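Here are my notes on this one, in the order I'd go through it with the model open. Have a look and see whether you read it the way I do.

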Amino acid sequence: MTTMDDRPPSPRALINELEGHLLIEATKVEGRAEAARFTHSLAWLTDTQRAEAEERFTDTYLSLSRRSWERTAARGRELRAEYEARYRALRRRLCSVFLLGAAFALVTVVSVSRR
């Protein structure tokens, strides 16, 4: 995996990618276990039907999990944007108050030194 400018990916990017693969594999294992639990209660299924049902169940489980992760990531991006906007507004206010305070202090010092 390389970027368009042929630099190797950062260690953080590699770790994120590895975590993603591990999360997907863990979810597949969970899906298979849930599928086996589900089909176990359906004693009338043949082995072929059971295997097909488990495969479909696992695929659906992974798909639902992926959509949930995507919604969570999108909401995280929304919250981040909201908090960053709020932080910028608060920082502007703080800078304004600081500048006004400094100007007031300067005016006070100048007026006191003229007396």
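1. Start with the overall dimensions of this predicted model. The chain has a radius of gyration of 29 Å, whereas a compact globule of 115 residues would come in near 13 Å. The C-alpha trace tells a matching story: along its principal axes the chain spans about 100 × 40 × 15 Å.

2. The secondary structure is quick to list: two helices and zero strands. H1 covers residues 11-40, and H2 covers residues 47-114.

3. I checked H2 for length. Its 68 residues, at 1.5 Å a residue, should span 100 Å, and the end C-alpha atoms lie 99 Å apart, so expectation and model agree. Set that beside the principal-axis span of about 100 × 40 × 15 Å for the C-alpha trace of the chain.

4. How much of the chain is buried? Of its 115 residues, 8% count as such. The accessible surface of the chain comes to about 10,000 Å², with 62% of it belonging to carbon and sulfur atoms.

5. Which residues of H2 are buried? They are Thr58, Leu62 and Ser65. H1 is included in what covers them, which is worth following on screen.

6. Now for Thr39, which sits in helix H1. Is Thr39 buried or exposed? Its relative accessible area is 0%, and the cut-off for buried is under 20%, so Thr39 is buried. Leaving aside neighbours within four places in sequence, its contacts are Leu45, Arg50, Ala53 and Glu54. One of these, Ala53, belongs to H2.

7. Ala53 itself is a different sort of case. With a relative accessible area of 25%, Ala53 falls between the 20% and 50% cut-offs, so it counts as partly exposed. Its C-alpha atom is separated by 9.1 Å from that of Ala36, and the two residues are 17 apart along the chain.

8. On contacts across the whole chain: taking those between residues at least 6 apart in sequence, 48% join residues at least 24 apart. The Thr39 contacts with Leu45, Arg50, Ala53 and Glu54 are a local place to begin looking.

9. Last, the charges. The chain has 20 positive and 16 negative ones, and the mean positions of the two sets are 17 Å apart. I'd colour the model by charge and view it along the principal axes, where the C-alpha trace spans about 100 × 40 × 15 Å.

Definitions and conventions. Residues numbered from 1 in each chain as written. Predicted model: local features only at pLDDT ≥ 70, side-chain atom pairs only at ≥ 80, totals over all residues. Heavy atoms only, no water. Helix = DSSP H or I, 4+ residues; strand = E, 2+ residues; numbered from the N terminus. Rg over C-alpha atoms; globule rule 2.2 N^0.38 Å. Buried < 20%, exposed > 50% of the residue type's maximum accessible area, 1.4 Å probe, protein only. Contact = heavy atoms within 4.5 Å. Areas by Shrake-Rupley, 256 points an atom, 1.4 Å probe, with all protein chains shown as cover. Lys, Arg positive; Asp, Glu negative; His and termini not counted. Charge placed at Lys NZ, Arg CZ, Asp CG, Glu CD. Expected span 1.5 Å × (residues − 1).
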